[in-house]
Protein chains: 2
Amino acid sequence: MIAIIASFTVPEDKAEAFEAIAGELVAATNANEPGVKLYTLARDKKDPTQYRMMELYEDQAAVDTHMASDWFKAAGPKLGGVLDGRPKIEQFTVVA
Amino acid sequence: MIAIIASFTVPEDKAEAFEAIAGELVAATNANEPGVKLYTLARDKKDPTQYRMMELYEDQAAVDTHMASDWFKAAGPKLGGVLDGRPKIEQFTVVA
């Protein structure tokens with residue numbers, strides 16, 4: 001299984017817009033992608049400008065399917081308008 | 001729901017020992033704590049010294065129960081012997 005943690009820095013005045021866009025992506029992903037075992041957005045308790053998308057995929061094919069999805073492609077440009085800098089994407093292999 | 005991401009730096013010669021200790025903690029947590037919705041260990045694909053424990057809890061009570069568990073308390077000192085520095089613990093509120 002593959003884990004991805006995407007880290008976003010969002011100015012506080014853009015938080016609502018960001019959560020709406022990212023929320024749509026979460027809903028569409030969870031509704032349409034059986035290969036995705038987890039796709040959830042969380043906000044840092046100490047630093048409200050920090051968000052993480054926690055993602056788990058059955059395999060690389062599930063990751064590829066996600067990245068090719070209409071909802072993922074649609075979210076990119078919209079997210080670009082509310083972020084402070086590019087997201088940091090870290091990819092992991094689940095070991096336990 | 002509450003998310004926690006714990007980040008560990010593990011020298012490569014300690015990886016096997018770390019995965020054994022952390023693996024036991026993952027197994028005991030998943031077997032005994034219904035309030036824990038996710039508890040999984042993953043290793044960075046690019047930097048093999050980096051591990052993340054991705055954790056999801058129903059609520060703060062589930063977090064407290066976990067931290068008070070025998071298996072969590074037992075793992076702490078053992079992990080201390082195989083880590084490079086202290087783990088970084090980040091706590092989040094799930095928003096989507």
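**Exercise 1. In which sense do strand β2 (residues 36-44) of chain B and β3(B) pair, and over how many bridges?**

Before we solve it, some ground rules. This is a predicted model, in which local features need pLDDT of at least 70, side-chain atom pairs count only at pLDDT 80 or more, and totals for chains, interfaces and linings use all residues. Residues are numbered from 1 along each chain as its sequence is written, chains are lettered from A and ligands numbered from 1 in the order in which they are written, and side-chain values use heavy atoms, with hydrogens and water left out.

*Solution.*

Step 1. Strands (E, at least two residues) and helices (H or I, at least four) are DSSP runs, numbered from the N terminus. Two strands pair if DSSP finds at least two bridges between them.

Step 2. β2(B) and β3(B) are antiparallel, with seven bridges. One of the partners to look for is B:Tyr51 in β3(B), which is bridged to B:Arg43.

Step 3. The connection is a hairpin, with five residues between the two strands.

**Exercise 2. Describe the other neighbour of β3(B), and find out how β3(B) is covered.**

*Solution.*

Step 1. Strand β1 (residues 2-9) of chain B pairs with β3(B) in the antiparallel sense, over eight bridges. Here B:Ile2 stands opposite B:Tyr57, and B:Ala6 has B:Met53 as its bridge partner.

Step 2. β1(B) also pairs with β4(B), again antiparallel, over six bridges. In β4(B), B:Ile89 is the residue opposite B:Ala6.

Step 3. Now check burial, where buried means under 20% relative accessible area, exposed over 50%, and partly exposed in between (1.4 Å probe, protein chains only). All eight of the eight residues of β3(B), residues 50-57, are buried, so this strand is largely enclosed by the rest of the structure.

Step 4. Sort the side chains by direction: B:Gln50, B:Arg52, B:Met54 and B:Leu56 point one way, B:Tyr51, B:Met53, B:Glu55 and B:Tyr57 point the other way, and all are buried. β1(B) is mostly covered, with seven of its eight residues buried.

**Exercise 3. Follow β2(A) to its partners in both chains.**

*Solution.*

Step 1. Within chain A, β2(A) and β3(A) run antiparallel and are joined by seven bridges. A:Leu41 stands opposite A:Met53, and a hairpin of five residues joins the two strands.

Step 2. Across the chains, three bridges join β2(A) to strand β4 (residues 88-94) of chain B, again antiparallel. A:Arg43 has B:Thr93 as its bridge partner there.

Step 3. Seven of the nine residues of β2(A) are buried, so the strand is largely enclosed by the rest of the structure.

**Exercise 4. What turn and shift lay chain A on chain B?**

*Solution.*

Step 1. Two copies of a chain are related by a rotation about an axis and a shift along it. Copies are superposed by least squares on the C-alpha atoms of residues with pLDDT of at least 70 in both.

Step 2. A turn of 180° with a shift of 0.0 Å along the axis lays chain A on chain B, with an RMSD of 0.0 Å. That is the relation of a two-fold axis.

Step 3. The same surface serves both copies, since 100% of the contact residues of chain A recur in chain B; contact means heavy atoms within 4.5 Å. A:Met54 is the residue of chain A that comes closest to the rotation axis, at 3.9 Å (C-alpha).

**Exercise 5. Is A:Thr29 buried or exposed, and is the answer like that for A:Asp64?**

*Solution.*

Step 1. A:Thr29 lies in helix α1 (residues 15-32) of chain A and is buried, with a relative accessible area of 0%. Leaving aside neighbours within four places in sequence, A:Thr29 is in contact with A:Val36, A:Tyr39, A:His66 and A:Trp71.

Step 2. A:Asp64, in helix α2 of chain A, counts as partly exposed at 42% relative accessibility. The C-alpha atoms of A:Asp64 and A:Glu90 are separated by 15 Å, with the two residues 26 apart along the chain.

**Exercise 6. Where is B:Ser69, and which side chain does its own side chain contact?**

*Solution.*

Step 1. B:Ser69 is in the loop between α2 (60-67) and α3 (70-80) of chain B, and counts as buried at 7% relative accessibility.

Step 2. Its side chain makes a polar contact with that of B:Trp71 (3.1 Å). Such a contact is a pair of N or O atoms within 3.5 Å; within protein, one must be able to donate a hydrogen and the other to accept it, and residues adjacent in sequence count only if both atoms are side-chain atoms.
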